[in-house]
Amino acid sequence: MSVFSLRISALVIVLALSGLTSCSGPATQRVGTSDFYWSAAKETYAAGDYVKTADHLDHLIDSQNDYTARAIPWSLVLTSGMAAGYMEMAEHYAAGARVNKAHALEFHRKESQYRN
């Protein structure tokens, strides 16, 4: 092996190890703190789990802390978007009930669940 390839290998190993040791997220904060809920909300939002994100934001809104002012508008936007999505799903189930008369009752049940 040449000196250049050894240096490149060493650099790759150092970068890999530094990436493994530097982790940020809810695991670094104490569970139940506002820092934990803020980090958890950002992570669950990035993962696409909007219901869990809304739950984490609710924890921040219920207790006055440094993140409350940022959590309120985020929660409003998130929950209104989720409500619109549920209403759209309900409309699709209603359309499915019109098309499939044999299973209309099942479609109407699902429609009712999504509207609620």
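The following dialogue examines the helices and the nonpolar core of a predicted model.

Visitor: What makes the set of 11 residues a nonpolar core?

Guide: A nonpolar core consists of buried residues of certain kinds, Ala, Leu, Met, Phe, Trp and Tyr among them, joined through side-chain atoms within 4.5 Å. The largest such core here has 11 residues, including Phe-36, Trp-38, Leu-57, Tyr-67 and Met-82. The set is therefore called a nonpolar core, being joined in the way the term requires.

Visitor: Which elements give two or more residues to this core?

Guide: They are α2 (34-47), α3 (50-62) and α4 (68-99). The largest share, four residues, comes from α2.

Visitor: How do you know that the span of α3 agrees with its number of residues?

Guide: The expected span is 1.5 Å times one less than the number of residues. For the 13 residues of α3 this should give 18 Å, and the end C-alpha atoms are 18 Å apart, so the two values agree.

Visitor: Why are the buried residues of α3 said to line one face of the helix?

Guide: Thr-53, Ala-54, His-56, Leu-57 and Leu-60 are buried in α3. Seen down the helix axis, the buried residues fall within an arc of 160°, and therefore they line one face. Their cover includes α2 and α4.

Visitor: What do the buried residues of α4 pack against?

Guide: They pack against α2, α3 and α5 (104-115). Among the buried residues of α4 are Ala-71, Ser-75 and Leu-78. Leaving aside neighbours within four places in sequence, Ala-71 is in contact with Trp-38, Leu-57, Leu-60 and Ile-61.

Methods. Residues are numbered from 1 along each chain as its sequence is written. This is a predicted model: local features need pLDDT of at least 70, side-chain atom pairs count only at pLDDT 80 or more; totals for chains, interfaces and linings use all residues. Side-chain values use heavy atoms; hydrogens and water are left out. Buried means under 20% relative accessible area, exposed over 50%, partly exposed in between (1.4 Å probe, protein chains only). Contact means heavy atoms within 4.5 Å. The arc is that of the directions from the helix axis to the C-beta atoms.
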